[in-house]
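Let's take a friendly walk through this model, one region at a time. Keep the viewer open as you read.

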Amino acid sequence: MENQDLMVLENKILIATPLLDKDPLFANTLVYIFEHSADKGSSGAIINTATNLNLLDVVARLDVVCPDAAKHKLEDVPILIGGPMAREDALILQKETINRSNKQEVVGQYLETLTEGTLETLIETDDIQEFEIILGFSR
């Protein structure tokens, strides 16, 4: 199979089939495939399952300075469960880039690792609802 054939799933969304209903992690999920290659296999993130955390919780845990005026908007941003792997790492799915050094363009949006710098920029952003924060991924 040619490498081009393997790239068909990259930047696509997979819908869980009823067969996955027995798996509590993947039942009724949408998985965004952000990498699919012969060398690295497939990697994706669940994009429709929220945790009980919000972005303000993440900011507090990382000891990032957050002005009082920004706290209310961060409480409205849910943190999604991306998958069972690397749950200590966070990804940000956004419509516009914040940090050009490690972004990957995806379906008209960008996917990048959430760093302290991007988190600080998010705090300053007026339209915070343009972002999804995802903990972990699936491989």
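Are F34 and F137 buried or exposed? Both of these residues are buried. Keep in mind as we go that the model is predicted.

These two phenylalanines are a good place to begin, since the search for aromatic pairs comes to a count of 1. F34 and F137 form that pair in an edge-to-face arrangement, with 6.3 Å centre to centre and 70° between the planes. The angle counts as edge-to-face because it is over 60 degrees. Follow the chain and you will see that the pair links distant parts of it: F34 sits in strand β2 (residues 30-37) and F137 in strand β9 (residues 131-137), 103 residues apart.

Next, turn to helix α4, which spans residues 116-124. Here T118, L119, L122 and I123 are buried. They lie on the same side of α4, because they cover an arc of only 145° around the axis. The general background is helpful here: an α-helix has 3.6 residues a turn, so residues three or four places apart point the same way.

Now for the surface. V8, L9 and L14 make a nonpolar patch of about 230 Å². Within this patch, L9 is found in the loop between α1 (3-6) and β1 (12-15). L9 can take part because its relative accessible area is 32%, and patch residues need over 30%. That value makes L9 partly exposed.

Finally, a word on confidence. The chain averages a pLDDT of 79, and 80% of the residues score at least 70. Confidence is highest in strand β4 (residues 50-54), at a mean of 91, and lowest in strand β7 (residues 104-106), at 48.

Methods. Residues are numbered from 1 along each chain as its sequence is written. This is a predicted model: local features need pLDDT of at least 70, side-chain atom pairs count only at pLDDT 80 or more; totals for chains, interfaces and linings use all residues. Side-chain values use heavy atoms; hydrogens and water are left out. Buried means under 20% relative accessible area, exposed over 50%, partly exposed in between (1.4 Å probe, protein chains only). Helices (H or I, at least four residues) and strands (E, at least two) are DSSP runs, numbered from the N terminus. The arc is that of the directions from the helix axis to the C-beta atoms. Rings of Phe, Tyr and Trp (its six-membered ring) pair if their centres lie within 6.5 Å; planes under 30 degrees apart count as stacked, over 60 as edge-to-face and the rest as tilted. pLDDT is the predictor's confidence in each residue, from 0 to 100. Patches are made of residues with over 30% relative accessible area and no salt bridge: like charges are joined within 9 Å, nonpolar side chains (Val, Leu, Ile, Met, Phe, Trp, Tyr) within 5 Å. Accessible areas come from the Shrake-Rupley method with a 1.4 Å probe; for residues, only the protein chains shown count as cover. A salt bridge is a side-chain nitrogen of Lys or Arg within 4 Å of a carboxyl oxygen of Asp or Glu.
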